[in-house]
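Subject: A structure for you to look at

Hello,

Here is the structure I promised to pass on. Please have a look at it first, and then read my notes underneath.

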Amino acid sequence: MKILYFICCVLQPICLPIPEAGTVLWASASFGSFPSFFLGVTGSLIGITMMYWMVKRGTEFF
């Protein structure tokens, strides 16, 4: 389940229309506050970085 939460946090900034508050609440109840915080912040940073690089590479062609 932790892998699913991490993947969800990575994909949320890019393409998932799921509210982040719901997934964080679910993870906090399932894993505890510290693991869900660590996985959520790490996943969000990776997702935002991936989104930035996809947009940067996509606009170089135009």
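Below is what I found in it, going from the long helix to the core and then to the surface.

Please keep in mind that this is a predicted model, in which local features need pLDDT of at least 70 and side-chain atom pairs count only at pLDDT 80 or more, while totals for chains, interfaces and linings use all residues. Residues are numbered from 1 along each chain as its sequence is written, and side-chain values use heavy atoms, with hydrogens and water left out.

Let's start with helix α3, which covers residues 33–59. Helices here are DSSP runs (H or I, at least four residues), numbered from the N terminus. With 27 residues at 1.5 Å a residue, α3 should span 39 Å (the expected span is 1.5 Å times one less than the number of residues), and its end C-alpha atoms are 38 Å apart, which agrees.

Which residues of α3 are buried? They are Ser-36, Leu-39, Gly-40, Gly-43, Ser-44 and Gly-47, where buried means under 20% relative accessible area, exposed over 50%, and partly exposed in between (1.4 Å probe, protein chains only). Their cover includes α1 and α2.

Ser-44 is a good example: its relative accessible area is 13%, so it counts as buried. Leaving out residues up to four places away in sequence, Ser-44 touches Cys-9, Pro-13 and Glu-20 (contact means heavy atoms within 4.5 Å). Cys-9 in turn touches Leu-39, Gly-40 and Gly-43 as well as Ser-44, with the same sequence neighbours left out.

Cys-9 also belongs to the largest nonpolar core, together with Tyr-5, Ala-27, Phe-31 and Leu-39, five residues in all. Helices α1 (2–11) and α2 (20–31) each supply at least two residues of this core. A nonpolar core is a set of buried Ala, Val, Leu, Ile, Met, Phe, Trp, Tyr and Cys residues joined through side-chain atoms within 4.5 Å.

Now to Ile-46, also in α3. Its relative accessibility is 35%, so Ile-46 counts as partly exposed. Beyond its neighbours within four places in sequence, Ile-46 is in contact with Phe-6 and Val-10. The C-alpha atoms of Ile-46 and Leu-11 are separated by 9.1 Å, although the two are 35 residues apart along the chain.

Met-51 is another residue of α3, and at 31% relative accessibility Met-51 is partly exposed too.

Enjoy exploring it!

Best wishes
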